[in-house]
Amino acid sequence: MAISKLKAITSTLDKAIAYITDPEKTDGGCLVDTFGCSLGTADLEMLATAKKGRGNGERIAYHLIQSFSPEDDITPEKALEIGREFAGKVTGGRYEFVLATHMDKGHIHNHIIFNASNFIDYKKYHHSVKDTYRIRNINDEICRQNHLSVIENFSGNRGKSWYSCQQPGEKNRQPDKKQRLKNVMDQAIQKAESYEEFLTIMELEGYEYRDKGSSLSFKYTAGGDKNSIRVNEKNFNEYYTKEMIRKRILDKEFDRHIAARAEIAAETVKEEKTKKPAAKKKTAHQEKRINLMIDISKNLKAKQSQAYERALVGANIDTMARTLNYLIQHQIQTPEEFQAYASGIQTEYEWLKKDIRSQEEAMLELSEKIKFTQGYQKGKALFRAALKAADKKQFMKEHEEEIILYKAAEMYFAKQGIDPASLKLQELFEEYRERKQEKLSMQNALKPLRQSLKELKVVEQNIEEALGIKMTEEDGQEEKKNDRRKDHPVR
């Protein structure tokens, strides 16, 4: 699972939201969710917040994509649920967002458009290299909690999306960048009603474009590409010049004719490939086992230098001394005692993480409730005045923004079954502060538990490496293995 690079939206927010919430891509609109805004007026509500934005730059919103591997056992409904948790943690419950789950790319993925300005103090979201790693860590943590795949080693693939790292059923294979661009352009041409809309769709798909007179080029910034690909006859074919793209957008029948020809050509190539002998599959790279013990027999420097070998032996003795000291301190003498001790810490760790997630969900709900309560209270008097105004249309026009926010709040409370008159902002703020403090205390208690689990993993690996015994057993192991381990206590 991976996240594409954030793409700033500086205009056409309404088109961006309309694109990701397209009923054809979201199971008739069932796979769409919002936070801090209502779907029908999301763009207007975000713009109202953005007008008050404090900070440099013309960005109105950000577009974030969260992709799942086709090999992951996940349903679209679960992806939407994970997407909401992910978006909530990234934005901290301070930025309005629209979330949509798509299934049209061969793999399930989430599109998240969130406001560049928050609705608390109207400060703008600051995206940096540090923030990129923060988002990645949030995503990886959620993936592991839901038993989904995570790209553990980003070396050589930093900033690339999962799709750019592997294709379904074709691990360790880099897809052709030109073919990928060609496929995305075909889909954008089919969807667009104008050349400008075509460029907007390409941006939403993660491509940065450069349009200079007769030349057009795209760079897949969402996948971390540094080089642009020029769209011309040489790189593709005669149907991918700038003039031909315009013609295909305006003449859908002509475009369908080209698509049919391309499909026939693809089938021909596929048949030719099946006649060729199958290429040998590359063996999957095994992850290097991480432990503190050094395997001297496989160390090249140790074979070349006796002094270096003696240094490694000394390091291993020191490592085992500290490992055994750990066991003595925690009164662990058998693998069963080790497993019981580790299980206790793991259980406490998981329960504490569960409590933190519950607090985060409650804070997210409170933040949304506070935002709509403010909009309701500010707009209620104006809406009533509008109904009594002599020139209602003029009055509504002058106070359009406040009335839109009021109606959006009204829709939210009706959906939640809440009487807004019963809510008091001061009490909501106080509850939010209390939950925030409780969450902070839990996070502080989680740090030593996380460190203990890391230490236990190292101790386990060292004991298994040095003594050749298993410290933990999976469920369903033969009973005699357990009996044999009892006869060899760790001393």
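**Strands, salt bridges and lysines**

Reader: In which helix is the place of Lys457?

Author: Lys457 has its place within residues 425–467, which form a helix in the DSSP sense (a run of H or I of at least four residues, while a strand is a run of E of at least two, both numbered from the N terminus). This is a predicted model, in which local features need pLDDT of at least 70 and side-chain atom pairs count only at pLDDT 80 or more, whereas totals for chains, interfaces and linings use all residues. Residues are numbered from 1 along each chain as its sequence is written, and side-chain values use heavy atoms, with hydrogens and water left out. The element that holds Lys457 is helix H15.

Reader: Is Lys457 buried, exposed or partly exposed, and what is its relative accessible area?

Author: Buried means a relative accessible area under 20%, exposed means over 50%, and partly exposed lies in between, with a 1.4 Å probe and protein chains only. Lys457 falls in the partly exposed class, because its relative accessible area is 45%.

Reader: How far apart in space are Lys457 and Ala342?

Author: Along the sequence, Lys457 and Ala342 are 115 residues apart. In space, C-alpha to C-alpha, the separation of Lys457 and Ala342 is 9.0 Å.

Reader: Where is Lys470 found, and what separates its C-alpha atom from that of Pro335?

Author: Lys470 sits in the loop between H15 and helix H16 (479–486), and it counts as partly exposed because its relative accessibility is 44%. Lys470 and Pro335 are 135 residues apart along the chain. Their C-alpha atoms are separated by 7.4 Å.

Reader: How many of the seven residues of strand S6 are buried?

Author: In a regular strand the side chains alternate between the two faces of the sheet. In S6 both faces are covered, with His109, His111, Ile113 and Asn115 buried on one side and Asn110, Ile112 and Phe114 buried on the other. Strand S6 (residues 109–115) is therefore largely enclosed by the rest of the structure, and the number of its residues that are buried is seven.

Reader: Which residue of S6 is the bridge partner of Ile65, and which is the partner of Ala100?

Author: Two strands count as paired if DSSP finds at least two bridges between them. Strand S4 (residues 61–67) runs antiparallel to S6 with seven bridges, and strand S5 (residues 97–102) runs antiparallel to S6 with six. Within S6, the partner of Ile65 is His111, and the partner of Ala100 is likewise His111.

Reader: Which strands are the edge strands of the open sheet S7-S8-S9?

Author: Three strands form this open sheet in the order S7-S8-S9, with antiparallel pairing. An edge strand here pairs on one side only, and the two that do so are strand S7 (207–212) and strand S9 (229–230).

Reader: Which residue in S9 is the bridge partner of Phe218?

Author: Strand S8 (residues 215–220) pairs with S9 in the antiparallel sense over two bridges. The partner of Phe218 in S9 is Ile229.

Reader: How many salt bridges are there by the rule?

Author: A salt bridge is taken as a side-chain nitrogen of Lys or Arg within 4 Å of a carboxyl oxygen of Asp or Glu. Among the linked residues are Glu85, Lys89, Glu360 and Lys439, which belong to a network of salt bridges. By this rule the count is 23.

Reader: Lys191 and Asp22 form a salt bridge; how far apart in sequence are the parts that the pair ties together?

Author: The closest N and O atoms of Lys191 and Asp22 are 2.4 Å apart. Lys191 lies in helix H6 (residues 177–191) and Asp22 in the loop between helix H1 (13–20) and strand S3 (32–35), so the parts tied together by the pair are separated in sequence by 169 residues.

Reader: What distance separates the closest N and O atoms of Lys177 and Asp225?

Author: Lys177 is partly exposed because its relative accessible area is 36%, whereas Asp225 is buried because its relative accessible area is 11%. The closest N and O atoms of this salt bridge are separated by 3.6 Å.

Reader: How many disulfides does a search of the whole structure find?

Author: A disulfide is taken as a pair of cysteine sulfur atoms within 2.5 Å. Cys37 counts as buried because its relative accessibility is 3%, and Cys143 is buried because its relative accessible area is 0%. The number of disulfides found in the whole structure is zero.
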